[in-house]
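User: I'd like to learn how to read strands and helices in a structure. Could you walk me through this one?

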Amino acid sequence: FARALDISLGAVVVMDDNAVTVSRAWCALENALVSHQGKPYAIAALDNDSQPVVLTLGPAPCDLQKAAEQYPGHEHRFSELNQTSRQQNFPNKLLTKALEADFRSAVASNPDDKAMIDKVVEDAFGGFDKANSRVQVMAAAALCSSGNIKELRRIQQVLGSAVDPFHLSGPTDIL
């Protein structure tokens, strides 16, 4: 799977209702690889009406296209509004779990797999910090734009301790 990610243009992580992707070691490896390579990364889930919703760290091409249709010549100014609108129904429960993502504590059913994954991520990618930051910053940004102030203190902590915050997203042309 790592070879497939190596030649991919980016990755989309699909979260279930329990956000188990942030607790699985193999998902942690995939996230660390994509984060290390600086490729586009998106998190998809179903909203409360079972409709798909996707988080990105910046406006996606669909946001730019919609802004160009709505505000010709000013699409870059308004694309973030479309991103916020596109993401507004992402379940807060999943955002809160993503805000607490810590791939170091992810588990695998086989202890040898967990040891191998931890070693690869530490040796090849310098650890889990960038992967953790990427998911946490995406969640923090979405929580902020949704007006969820219950998590404000944690959002401030995440944004204040983000690893390489201006290089977390990579290009946003995954959507």
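User: Let's start with the strands. How many bridges join β1 to β2, and do the two run parallel or antiparallel?

Analyst: Keep in mind that this is a predicted model. Here β1 and β2 run parallel, and four bridges join them. To see the pairing residue by residue, look at V14, which stands opposite A44 in β2.

User: And in which sense do β2 and β3 pair?

Analyst: Strand β2 (residues 41–46) pairs with strand β3 (residues 52–55) in the antiparallel sense, over four bridges. One pair to look for is I43 with its bridge partner L55 in β3. The two strands form a hairpin with five residues between them, and in that hairpin S50 takes a positive phi near 60°.

User: What order do the strands take in the sheet?

Analyst: The order is β1-β2-β3, in an open sheet of three strands with mixed pairing. The edges belong to β1 (11–14) and β3; each has a single partner strand, so one side of each has no neighbour in the sheet. Ignoring direction, neighbouring strands are turned by 30° against each other on average.

User: Okay, helices now. Which strands does α7 lie across?

Analyst: Helix α7 lies across β2 and β3, and its angle to β2 is about 55°.

User: How are two packed helices described?

Analyst: You give the angle between their axes and the distance between the axes. Try it on helix α2 (residues 25–37) and α7: their axes come within 8 Å and cross at roughly 90°. That angle makes α2 roughly perpendicular to α7.

User: Which residues meet there?

Analyst: From α2 you have N31, A32, V34 and S35, and they meet K130, A131, R134 and V135 in α7. Sorted by class, this contact has four nonpolar, two polar and two charged residues.

User: At what angle do α7 and α8 cross?

Analyst: The axes of helix α7 (residues 129–145) and helix α8 (residues 152–161) cross at roughly 135° and come within 9 Å. The two helices are therefore oblique to each other. As for handedness, the crossing of α7 and α8 is left-handed.

User: Which residues of α7 and α8 meet?

Analyst: On the α7 side, look for S133, Q136, V137, A140, L143 and C144; on the α8 side, they meet R154, I155, V158, L159 and S161. The residues of this contact divide into seven nonpolar, three polar and one charged.

Note on methods. Residues are numbered from 1 along each chain as its sequence is written. This is a predicted model: local features need pLDDT of at least 70, side-chain atom pairs count only at pLDDT 80 or more; totals for chains, interfaces and linings use all residues. Side-chain values use heavy atoms; hydrogens and water are left out. Axes are lines fitted to C-alpha atoms, for helices over the stretch in contact, and angles run from 0 to 180 degrees between N-to-C directions. Angles under 35 degrees count as roughly parallel, over 145 as roughly antiparallel, 65 to 115 as roughly perpendicular and the rest as oblique. A crossing is left-handed if the near helix is turned anticlockwise from the far one by less than a right angle, and right-handed if clockwise. Contact means heavy atoms within 4.5 Å. Ala, Val, Leu, Ile, Met, Phe, Trp, Tyr, Cys and Pro count as nonpolar, Asp, Glu, Lys and Arg as charged, and the others, Gly among them, as polar. Two strands pair if DSSP finds at least two bridges between them.
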